[in-house]
Structure formats: structure tokens, C-alpha cells
Amino acid sequence: MINFNQPHLTGKEAHYMYEAVYAGKLSGNGKFTKACQAWFEQHYGFRKALLTTSGTDALEMCAMLCDLKPGDEVIVPSYTFVSTALAFLREGAKVVFADSMQRNPNIDAQTIEALITPHTKVIVPVHYAGVACDMDAIMALAEKYNLLVVEDAAQAIDSYYKSNTGKSTIRPLGSIGHLAAFSFHETKNITAGGEGGLLVVNDERFVRRAEILWEKGTNRAEFFRGEVNKYGWVDMGSSFLPSEVNAAFLYAQLENLDAIQAKRKALWNRYYQHLKPLADKGCFTMPDIPEYATNNAHMFYLVLPDLEQRTALIKYLKENGVGAVFHYLSLHSSEYYHAKHDGRALPQCDRYADCLVRLPLFFDLTIEQVDSICDLLKTYYQ
Ligand SMILES: *Cc1c(COP(=O)(O)O)cnc(C)c1O
């Protein structure tokens with residue numbers, strides 16, 4: 001059986017975890033936490049990086065930092081993971097769902113402006129499969145209407161956006177919005193030992209408050225830097241920081257990020273090459289990487305013509321020992337939210353919910369296994 005996903009160990013994880021354990025400092029914000037955060041700030045130019053216990057937690061911190069009032073509206077794609085919407089909903093905001101693009105599952109930036117009202121405060125682009133949303137268009141809307149942008153970059157580690165306004169620049173995803181959230185869940189490109197995340201603060205205005213929210217509403221960070229002479233309860237917050245054991249695990253993965261990415265991209269490209277003839281025949285469509293985006297090989301997916309064909313293909317692959325899986329159900333038609341949704345049809349989201357299938361993609365998958373999966377697909381479509 002080829003599983004859909006399998007977490008990868010670089011070899012150094014247990015060593016660094018052992019070091020953290022025997023250093024006698026296990027709680028958060030120790031040596032490994034600081035090393036990971038410095039790594040992210042140096043590699044991607046993030047103004048401030050704070051490790052969290054999950055991507056969901058990082059999104060919750062983003063929502064708290066946006067300082068939402070009851071009645072405030074947040075624009076979120078419907079084809080995404082629950083946490084993208086939930087983090088804002090639990091701060092009392094109204095979630096307004098947007099449709100995906102025809103070309104890929106990312107939010108359709110062309111539909112956002114019509115959803116903006118005087119109550120709109122935040123836009124939350126999700127870089128699905130690690131492929132950038134149309135950030136020039138989204139940032140321009142944010143500027144025009146004075147909105148905040150929170151990038152859900154949960155799947156987007158080491159992926160980039162190529163701006164075409166002014167001097168053309170290439171920027172890491174997570175560095176463009178005012179705030180961003182990454183996930184290090186075991187299904188993502190790198191993991192903090194099963195669960196983990198990262199809050200990114202790019203806008204200076206949020207740095208101080210982010211540190212306070214992170215440490216249970218206290219100004220402990222400022223105290224340890226000697227900036228205040230006592231610390232106490234100064235704001236809202238929670239315990240968002242992970243243990244040093246998780247940070248140690250993540251550090252081992254960061255040290256090997258280049259190798260992890262190179263291997264994942266090789267597997268992804270192999271799928272693309274070998275399945276292109278079937279896509280050209282119209283059996284399915286393959287991931288579309290727009291001219292402004294790069295590929296971080298987070299996911300390889302196919303979009304089939306309809307639900308019946310997808311169900312049949314998943315069944316066939318399973319019978320032949322391959323774990324292929326569908327992905328999100330549109331949030332606007334979920335059990336929890338459909339009655340609260342304003343009733344607008346979001347046809348692209350529904351299409352991806354019915355027709356998208358993800359193929360196995362993880363570091364320890366071999367080129368031969370990818371070839372065998374492609375051969376199965378070729379046989380199936382003969
Ligand atoms: C994985 C994921 C999350 C949640 O991250 P966790 O670390 O599992 O909490 C949020 N949004 C998207 C788009 C994701 O893929």
C-alpha cells in the first residue's frame with residue numbers, strides 16, 4: 001500500500017529533542033524556539049516570527065490582532081480548512097465566503113470587491129497547495145478600502161510570489177500580508193513533530209501585542225529583554241507557544257529544508273510529466289501555477305470532470321494499493337455554517353469539493369512509486 005502521506009524524519013530530530021530534554025529547559029521560548037524563529041526571520045525577511053502550537057493557533061492570534069468588533073466582516077474562501085474561518089468566527093466576526101478561481105482553488109480576487117461593505121475589516125487569502133493567490137490585486141483592494149490582509153500560508157512554506165507592479169520583485173509567501181500563519185502539522189512539507197505552527201507579523205504595529213498574546217496576556221518578553229522592570233497581566237492572550245521539544249524537532253527539519261523541497265519537487269514534476277498526456281486527452285486537469293506563483297510541491301492534485309468519476313478513480317486506486325484522497329467540503333455548505341451563509345452560490349468551490357483528488361506526495365515516496373501510480377492511471381484510462 002502506498003499511503004497518501006507519511007511524515008519524514010531527517011535523522012537529527014531525536015538528537016535535538018534529546019538535547020532539549022537534557023538541557024533542563026523544556027517550556028517554550030528557549031534555545032530551539034529562538035533558533036527556529038531567527039531562521040524564519042533571516043530566510044524570509046519576516047519582521048517577527050513566533051512559533052505556535054498549531055497553524056490554527058497562529059490563525060487565532062491573527063484574528064485577535066485584527067481586534068474585531070461584533071458585526072465586523074472577514075472575507076474568506078469557502079474552499080479551505082475549517083480553521084481559516086473558525087479563527088475569525090470565534091472572535092465574533094461575520095465570515096463572508098468567496099468563490100475560488102476556475103484555474104485553481106485559490107480565492108478569486110476578481111470577486112472580492114463586490115463582497116466588501118463598510119463593515120469589512122480583513123481579507124484572508126489561502127495559498128492552496130502552496131501556490132500564491134493574486135496578491136497584487138488583494139493588497140491593492142486592502143489599500144483602497146483600508147483592510148488588513150492575513151495570509152493563510154499553512155501549506156505555503158518556501159513558496160514565492162512574483163509581483164508585477166513597479167519594480168518586479170519575488171517575495172516569500174507569508175511576507176506580503178500584514179500577518180500570516182503557517183502550519184507544521186505532519187501533513188505539511190515540514191513538521192514540528194506532528195503539530196505546530198508559526199505566526200508571522202510583517203506590520204510593525206502588531207509586534208508588541210503579538211508577543212503579549214503569545215504569552216498569556218503578559219509582558220514577559222519585554223521583562224526578559226530588560227525593557228520593563230516587572231511583568232504582569234496587560235492584555236488578552238492564551239498559551240500559544242509550543243514546548244522546546246517541538247521546536248527542537250522543527251529545527252532539524254529546517255536544517256534540511258532544501259533537500260526536502262528538492263525531493264518533493266522532483267516527485268511533483270514526475271507526476272506532471274507522466275500524467276500530462278492524460279490531461280491533454282481531457283481525462284482531468286492538473287495543478288495550474290499562475291505566472292506570478294512558484295511551486296513548493298506541497299500537493300499534487302487532479303480535478304476530474306465530475307463527482308462520479310472522482311469516486312470511481314479513488315476506488316480504483318485504493319483497490320490497487322494507492323491512497324488517493326479528496327479534500328475540503330465547501331465551508332459555506334457545511335453543517336455548522338450553511339444556515340449562517342447568505343445563500344450565494346459558490347460554484348467553483350463546490351466543483352473542487354466534488355472533483356479534486358490528491359495523489360500521494362511525501363519525501364520518502366520514490367520516483368519508482370510515482371511511476372507505478374502514473375502507470376495505474378494510464379491503464380485505468382485506456
Ligand atoms: C493545515 C491547515 C490549517 C491548520 O493548521 P493546523 O496546524 O493543522 O492547525 C489551516 N489552514 C490551512 C489552509 C491548512 O492547510
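Which of the 16 residues around the ligand come nearest?

1. **Ligand surroundings.** This is a predicted model. Gly55, Thr56, Asp152, Ser183 and Lys188 come nearest to the ligand, out of 16 residues around it.

2. **Ligand contacts.** Start with Gly55: one of its polar backbone atoms is 2.7 Å from an oxygen atom of the ligand. Gln155 uses its side chain instead, where an N or O atom is 2.8 Å from a ligand oxygen. The side chain of Lys188 also has an N or O atom 3.2 Å from an oxygen of the ligand. On its own, the ligand has 380 Å² of accessible area, and the protein covers 93% of that.

3. **Strand 8, covered on both faces.** Strand 8 spans residues 179-183, and five of its five residues are buried. One side carries Leu179, Ala181 and Ser183. The other side carries Ala180 and Phe182. Ser183 also appears in the list of residues that come nearest to the ligand.

4. **Neighbours of strand 8.** Strand 5 (residues 148-152) pairs with strand 8 in the parallel sense, over three bridges. Strand 9 (residues 197-201) runs antiparallel to strand 8, and five bridges join them. Follow Leu179 to see both pairings. Its bridge partner in strand 5 is Val150. In strand 9, its partner is Val201.

5. **A nonpolar surface patch.** Tyr18, Val21, Tyr22 and Leu26 make a nonpolar surface patch of about 450 Å². Leu26 sits in the loop between helix 1 (13-22) and helix 2 (31-44). Is Leu26 buried or exposed? Leu26 has a relative accessible area of 40%, so it counts as partly exposed.

Terms used. Residues numbered from 1 in each chain as written. Predicted model: local features only at pLDDT ≥ 70, side-chain atom pairs only at ≥ 80, totals over all residues. Heavy atoms only, no water. Buried < 20%, exposed > 50% of the residue type's maximum accessible area, 1.4 Å probe, protein only. Helix = DSSP H or I, 4+ residues; strand = E, 2+ residues; numbered from the N terminus. Pairing = 2+ DSSP bridges. Patch = residues over 30% accessible without salt bridge, like charges linked within 9 Å, V, L, I, M, F, W, Y side chains within 5 Å. Areas by Shrake-Rupley, 256 points an atom, 1.4 Å probe, with all protein chains shown as cover. Salt bridge = Lys/Arg side-chain N within 4 Å of Asp/Glu carboxyl O. Near = heavy atom within 4 Å. Polar contact = N/O pair within 3.5 Å; in protein donor to acceptor, adjacent residues only side chain to side chain.
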